[in-house]
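Here are some exercises to work through with the model open beside you. Try each task before you read its solution.

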Amino acid sequence: MRLAHLADPHLGVRQFHRQTPSGINQREADVARAFRLAVDGVISARPDAVVVVGDLFHSVRPTNAAIVFAFKQFQRLREALPRAPVVIIAGNHDTPRSAETGSILRLFEELGVDVAADEARRFEYPELDLSILAVPHTAVLDAERPSLRPDGSARHQVLALHGEIEGKLPTD
């Protein structure tokens, strides 16, 4: 089983006041370039599955440019690796504070990407004998934390968790 794991790309982050010759924040351009190169590497490695574990975006409401860029990168992944499942887990930076707001990450479901935005989800891929328990940031904070034990008969049991608050990680 070959698994590609990406975490914390923080697309759309802007920092400092330098700009590229085309007027884009230099830090945002650097982060986008790094993510594009990471996607190139994943495509070259041809893994069986791809997991992006949190903070795809730097903010809950990323810019249109960041959204379009991310969409194109995931579209590249889906076209280059049509049989490899792709899973995105919401991190603290891309999780809305209000349940009514909704998650921008759901947009990627249109590409056939599996998304765990607000609750833990177990994704089963029988053709790969693979089970991925995807635990987003909000599920780590829930009073009823998910069990982190393997479940089912899949040979490959993967836990993908975005949790970074001291003392709040699930204990099971």
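**Exercise 1. Place Asp55 in the fold, then decide whether it is buried or exposed.**

Step 1: Asp55 sits in the loop between E2 and H2, where helices (H or I, at least four residues) and strands (E, at least two) are DSSP runs numbered from the N terminus. Step 2: the relative accessibility of Asp55 is 1%, so this residue counts as buried; the scale is buried under 20% relative accessible area, exposed over 50% and partly exposed in between, with a 1.4 Å probe and protein chains only. Step 3: look at the backbone, where Asp55 has a phi near 55°, a positive value in a residue other than glycine. For background, most residues other than glycine have a negative phi.

Before going on, please note that this is a predicted model, in which local features need pLDDT of at least 70 and side-chain atom pairs count only at pLDDT 80 or more, while totals for chains, interfaces and linings use all residues. Residues are numbered from 1 along each chain as its sequence is written, and side-chain values use heavy atoms, with hydrogens and water left out.

**Exercise 2. Find where His10 lies and what its phi is.**

Step 1: His10 belongs to the loop between E1 and H1. Step 2: its phi is near 55°, a positive value in a residue other than glycine. Step 3: with a relative accessible area of 15%, His10 is buried. Step 4: now move along to Arg46, just after H1, which takes a positive phi of about 50°.

**Exercise 3. Check the span of H1 and work out which residues it buries.**

Step 1: H1 has 20 residues, and 28 Å is expected at 1.5 Å a residue (the expected span is 1.5 Å times one less than the number of residues). Step 2: from first C-alpha to last, H1 reaches 29 Å, close to that value. Step 3: its buried residues are Glu28, Val31, Ala32, Phe35, Val39, Val42 and Ile43. Step 4: seen down the axis, these fall within an arc of 120°, so they line one face of H1; the arc is that of the directions from the helix axis to the C-beta atoms. Step 5: the face turned away from the buried side carries the exposed Arg33 and Ser44. Step 6: the buried residues pack against strand E1 (3-6), E2 and H2, with contact meaning heavy atoms within 4.5 Å.

**Exercise 4. Do the same for H2: what is its span, and which residues are buried?**

Step 1: the 17 residues of H2 (residues 64-80) should span 24 Å at 1.5 Å a residue, and the end C-alpha atoms are 24 Å apart, which agrees. Step 2: Ala66, Ile67, Ala70, Gln73, Phe74, Leu77 and Arg78 are buried in H2. Step 3: they cover an arc of only 140° around the axis, which puts them on the same side of H2. Step 4: Asn64, Ala65 and Glu79 are exposed on the other side of H2. Step 5: the cover over the buried residues of H2 includes helix H1 (26-45), strand E2 (49-53) and strand E3 (86-89).

**Exercise 5. Place Leu161 and decide its exposure.**

Step 1: Leu161 lies in strand E7 (residues 156-161). Step 2: its relative accessibility is 26%, so Leu161 counts as partly exposed. Step 3: Leu161 and Tyr125 are 36 residues apart in sequence and 18 Å apart in space, C-alpha to C-alpha.
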